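Reader: I'm new to reading protein models and would love some help. Could you pick one part, look at it closely, and then show me what lies around it?

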Amino acid sequence: MVVSRRSFVLGTGAALAGMTVLPSLSFAAVGKGSWLDDAVLYELYPQSFADTDGDGIGDLNGAIDRLDYLQWLGVNTIWMNPIFPSPFTDAGYDIADYTSVHPRYGTEDDVVRLVSEARKRGIRVLFDLVAGHSSDQHPWFLQSLQDDADHRYIWATPDQLPPDGSLPESFVASPGPRAGAFMKNYYETQPAINYGYGRMNPDEPWRQPVDAEGPQRNRAAMREVMDHWLNLGISGFRCDLAATLVKDDPEWVETRKLWGEMREWLDANHPDALLIAEWGDPATSVPAGFSGDFFLPVNGPGDGAAWKSLWQENPYFSAEGTGTAKIFVDAWQQAREAIGDQGGRTLLISANHDGATRLNNGVRSPEEIPAAFTFLLTWPSVPTLYYGEEIGMRMVEGLPDVEGSKGRQRNRTPMQWSDGPNAGFSTADPEDLYIPIDPDPNRPTVQAQLEDEGSLLHFVRRLLKLREKHPELGTSGDVRVFHDGYPLTYLRGDRFLVAVNPSREKVSVGIDDDRLAGATPVIDGGVQVNESGLTVPGFGFAVFDLR
């Protein structure tokens with residue numbers, strides 16, 4: 001396939017030599033800037049990362065022991081999933097104490113040591129802020145069970161419920177002694193914390209406005225939670241279910257005000273701290289006060305269409321070659337335009353602990369993954385690596401449910417450090433592991449890939465070092481998309497030409513630029529330069545320096 005260069009949509013900034021400038025797909029650097037601009041996030045699922053006490057569950061000391069590895073890789077920010085006291089009906093996202101550490105992970109002193117040791121290596125630490133619900137074992141909820149006047153949670157009294165004894169959607173009958181029912185957020189063990197409603201409804205008389213005593217008390221409580229951890233050196237928070245705190249809130253009017261107030265408080269008390277949204281719609285959340293937001297499999301225009309179009313639904317990153325990158329590119333452009341000069345960023349994941357499955361998902365072959373990483377680490381979003389993606393860990397089906405995982409355990413298998421027992425994750429008996437190790441005898445490991453300069457691990461490290469060395473490849477460099485089919489082809493900072501072909505078929509793209517003949521490949525995945533442009537083999541990729 002040869003694509004005419006003249007069919008591309010280019011930017012309105014400085015053009016490549018000899019090129020005609022067409023309507024804009026050029027995105028200039030924006031924002032006041034923060035340390036998020038240069039961040040490379042690494043999502044560290046603590047119970048599956050590294051176990052040091054032999055109980056089969058990862059811990060804080062395990063994370064500390066692996067900081068040298070993360071520094072070597074090029075990571076400078078860790079996002080750690082919840083480590084707080086919990087009955088673990090949702091793997092710790094059901095929190096029973098927001099300002100303590102569950103003993104299976106360690107102690108608060110271990111948090112301080114993690115932060116200190118990470119800082120020595122130029123690494124910051126982010127925690128999860130699960131503000132929308134707690135565990136039903138949290139003292140706040142236990143108190144609300146005893147006091148009908150306590151409005152920390154969303155309660156409906158018996159006279160407010162349907163007379164036929166049914167319950168409204170998402171409501172759970174009180175376990176007593178308080179009569180009535182409470183609203184849940186996800187599991188029945190996760191009562192929704194009350195931040196009020198965006199609008200009243202006489203058919204639901206339990207609704208309270210956002211300025212009621214209970215909702216205001218909860219805002220103050222979450223500021224206290226953030227203050228506690230920030231004073232211990234945490235650098236910010238990834239905010240779970242950030243769009244859902246205020247209920248029935250059209251256009252998120254009150255929800256955006258809430259987070260704007262949180263940002264104002266942080267600016268006054270912890271100005272360097274980040275708030276990163278699990279919202280899935282950067283165009284909405286970042287102007288509301290967040291430092292950044294992820295493109296996710298849910299939420300935002302098309303209910304996660306931008307992310308799905310890359311990785312999941314007729315994905316662009318597929319050997320079939322039937323997808324398009326246009327859906328993502330358009331969503332990214334719209335988000336950047338909405339953010340404007342407010343200084344926030346978009347974040348891009350390939351996988352996470354939740355519904356975003358690993359790149360090595362049973363459909364993609366390992367040879368397809370380097371092209372995906374070339375895109376992920378050269379696009380001007382903040383890259384977020386999920387632990388083990390850098391070695392190509394598999395998504396493993398057929399595992400037992402663990403702590404309410406409901407299928408998500410397939411993304412949560414222990415980190416594969418070596419060929420030793422339990423892949424080097426733990427000295428526990430295999431049956432005592434939090435989740436079983438990937439049973440494939442050919443599973444990738446950090447140890448084996450460290451010894452192989454041609455491994456995926458070394459490839460990811462080279463890309464991260466290239467991004468660190470050249471600001472043009474980071475969030476502040478502009479991008480011009482030449483072609484959003486196969487191969488996806490774009491220019492970063494008027495210097496680095498990137499081409500990725502996730503399909504199995506060889507493709508070509510025309511590039512009318514006098515500099516191309518002298519281009520230097522800095523990442524070379526078999527792409528050939530010819531008189532008219534580039535020829536990219538199946539699963540090929542390249543980054544060229546045009547200077």
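Author: Here is a walk that starts from one helix and moves out to its surroundings.

First, some housekeeping. Residues are numbered from 1 along each chain as its sequence is written. This is a predicted model, in which local features need pLDDT of at least 70, side-chain atom pairs count only at pLDDT 80 or more, and totals for chains, interfaces and linings use all residues, while side-chain values use heavy atoms, with hydrogens and water left out.

The chain has a mean pLDDT of 93 (the predictor's confidence in each residue, from 0 to 100), and 94% of its residues reach 70 or more. Residues 1-33 are below 50, although this stretch has 92 contacts in the model beyond near neighbours in sequence (contact means heavy atoms within 4.5 Å). Where pLDDT is low, the predicted coordinates should not be read in detail.

Our part is helix α5, which covers residues 213-231. Helices (H or I, at least four residues) and strands (E, at least two) are DSSP runs, numbered from the N terminus. From first C-alpha to last, the 19 residues of α5 reach 27 Å, close to the expected 27 Å (1.5 Å times one less than the number of residues). Just after α5, Gly-233 has a positive phi of about 105°.

Which residues of α5 are buried? They are Gly-214, Pro-215, Asn-218, Arg-219, Ala-221, Met-222, Val-225, Met-226, Trp-229 and Leu-230. Here buried means under 20% relative accessible area, exposed over 50%, and partly exposed in between (1.4 Å probe, protein chains only). These buried residues pack against the helices α3 (108-120), α4 (139-144) and α6 (253-269), and also against the strands β5 (124-129), β9 (236-239) and β10 (274-277).

Let's follow those strands. β5, β9 and β10 belong to a barrel of eight strands, closed in the order β3-β4-β5-β9-β10-β11-β12-β13 with parallel pairing (two strands pair if DSSP finds at least two bridges between them). From one strand to the next, the twist averages 30°. Angles here run from 0 to 180 degrees between N-to-C directions, and axes are lines fitted to C-alpha atoms, for helices over the stretch in contact.

Strand β3 (residues 41-44) meets β13 (residues 382-386) through three bridges, and the two run parallel. Tyr-42 has Leu-385 of β13 as its bridge partner. Elsewhere on the barrel, helix α9 (residues 326-339) lies across β11 (292-295) and β12 (345-349), at about 155° to β12.

Strand β13 also leads us to a second helix, α12 (residues 456-469). Its 14 residues reach 20 Å from first C-alpha to last, close to the expected 20 Å. The buried residues of α12 include Leu-456, His-458, Phe-459 and Arg-467. Besides β13, the buried residues of α12 pack against α2 (67-73), α10 (369-376), α11 (446-450), β18 (520-525) and β21 (541-545).

Now back to α5, this time to see what comes before it. Ile-193 sits in the loop between β8 and α5. Is Ile-193 buried or exposed? It counts as buried because its relative accessibility is 1%. The C-alpha atoms of Ile-193 and Gly-214 are separated by 9.1 Å, with the two residues 21 apart along the chain. Apart from neighbours within four places in sequence, Ile-193 is in contact with residues that include Tyr-98, His-133, Trp-140 and Tyr-153, as well as Asn-218 and Met-222. Those last two are among the buried residues of α5.

Strand β8, at the other end of that loop, is part of an open sheet of three strands in the order β6-β8-β7, with antiparallel pairing. β6 (155-156) and β7 (171-173) stand at the edges, each with a single partner strand, so one side of each has no neighbour in the sheet. β7 and β8 (residues 181-183) run antiparallel and are joined by three bridges. Within that pair, Ala-173 stands opposite Ala-181 in β8.

So what picture can you take away? Helix α5 packs its buried residues against barrel strands such as β5 and β9, and the loop that holds Ile-193 lies between β8 and α5.
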